[in-house]
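Thanks for making the time this morning. I would like to walk through one structure with you, beginning with a few individual residues and then stepping back to the whole chain.

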Amino acid sequence: MRILFLNGPNLNLLGQREPNVYGKFTLKEIEGQVRERAQRRGVEIDFRQSNSEGELVTWIQQAKGEFGVIVLNAAAYTHTSVALRDAISGVAIPTIEIHLSNIHAREKFRHESLIAPVCLGQISGFGADSYILALDAAINVIERTKAL
């Protein structure tokens with residue numbers, strides 16, 4: 001059971017960038033929390049971050065046959081990237097969209113997600129817990145798929 005966590009632009013600045021919006025945890029600390037829970041659940045995770053849209057697209061394309069679920073915090077690319085949407089659609093790997101903040105309670109331009117229609121679901125607004133909730137959801141998806 002393998003889950004790929006992908007993180008988009010500026011998430012490398014977590015802990016120092018707008019902590020009132022994104023929380024005080026660094027991405028490394030969030031990764032540590034996810035790894036600890038994944039280990040307890042017997043799940044292998046791969047956790048990556050890039051500020052490059054093309055690199056995220058490449059990682060999504062390479063995930064086919066390697067991962068059961070993708071968890072994607074596309075950050076600003078959520079609202080702009082047709083390329084990420086097409087990559088998700090193209091690989092047909094169940095993908096869970098996540099956000100630290102509630103994008104629907106923020107600026108109007110953040111309300112629309114271009115990737116949401118090709119994702120299995122969306123988790124937003126729970127801070128670092130969005131990652132833990134996504135891990136649990138991803139495990140459930142994989143277990144249900146195996147049961148079929």
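Asn 12 sits in the loop between strand S1 and helix H1, the helix of residues 19–22, and please keep in mind throughout that what you are looking at is a predicted model. Is Asn 12 buried or exposed? With a relative accessible area of 38%, Asn 12 falls in between and counts as partly exposed, because buried would require under 20% and exposed over 50%. If we set aside residues up to four places away in sequence, Asn 12 touches Gln 49 and Asn 51. As for Ser 50, its C-alpha lies 8.1 Å from that of Asn 12, although 38 residues separate the two in sequence.

Staying in the loop between S1 and H1, we also find Asn 10, which is partly exposed at 33% relative accessibility. The backbone deserves a look here, since phi of Asn 10 is near 70°, a positive value in a residue that is not glycine. For context, most residues other than glycine have a negative phi. Ala 92 is another non-glycine residue with a positive phi, in this case near 55°. Ala 92 belongs to the loop that runs between helix H4, residues 82–91, and strand S4, and with a relative accessible area of 60% Ala 92 is exposed.

Let me turn now to the helices, and to Arg 41, which lies in helix H2 and is partly exposed, its relative accessibility being 36%. Which residues does Arg 41 contact, once its neighbours within four places in sequence are left aside? They are Asp 136, Ile 139, Asn 140 and Glu 143. By contrast with those contacts, Ile 123 is 82 residues from Arg 41 along the chain, and the C-alpha atoms of the two are separated by 20 Å.

Asp 136 and Ile 139 bring us to helix H5, where both of them are buried. The other buried residues of H5 are Ser 130, Tyr 131, Ile 132, Ala 134, Leu 135, Ala 138, Val 141 and Ile 142. It may help to recall that an α-helix has 3.6 residues a turn, so residues three or four places apart point the same way. What covers the buried residues of H5? The cover includes helix H2 (27–41) together with strands S1 (2–7), S2 (44–49), S3 (69–73), S4 (95–99) and S5 (121–124). The length of H5 can be checked too: its 19 residues, 129–147, should span 27 Å at 1.5 Å a residue, and the C-alpha atoms at its ends are indeed 27 Å apart, which agrees.

Finally, the chain as a whole. There are 5 helices and 5 strands, arranged along the sequence in the pattern β-α-α-β-α-β-α-β-β-α. For 148 residues, a compact globule would have a radius of gyration near 15 Å, and the 14 Å of this protein agrees with that. Of those 148 residues, 47% count as buried, and if one takes the contacts between residues at least 6 apart in sequence, 76% of them join residues at least 24 apart. The accessible surface comes to about 7300 Å², with 50% of it belonging to carbon and sulfur atoms. As for charge, the protein carries 16 positive and 16 negative side chains, and the centres of these two sets lie 3 Å apart.

Note on methods:
Residues numbered from 1 in each chain as written. Predicted model: local features only at pLDDT ≥ 70, side-chain atom pairs only at ≥ 80, totals over all residues. Heavy atoms only, no water. Helix = DSSP H or I, 4+ residues; strand = E, 2+ residues; numbered from the N terminus. Expected span 1.5 Å × (residues − 1). Buried < 20%, exposed > 50% of the residue type's maximum accessible area, 1.4 Å probe, protein only. Contact = heavy atoms within 4.5 Å. Rg over C-alpha atoms; globule rule 2.2 N^0.38 Å. Areas by Shrake-Rupley, 256 points an atom, 1.4 Å probe, with all protein chains shown as cover. Lys, Arg positive; Asp, Glu negative; His and termini not counted. Charge placed at Lys NZ, Arg CZ, Asp CG, Glu CD.
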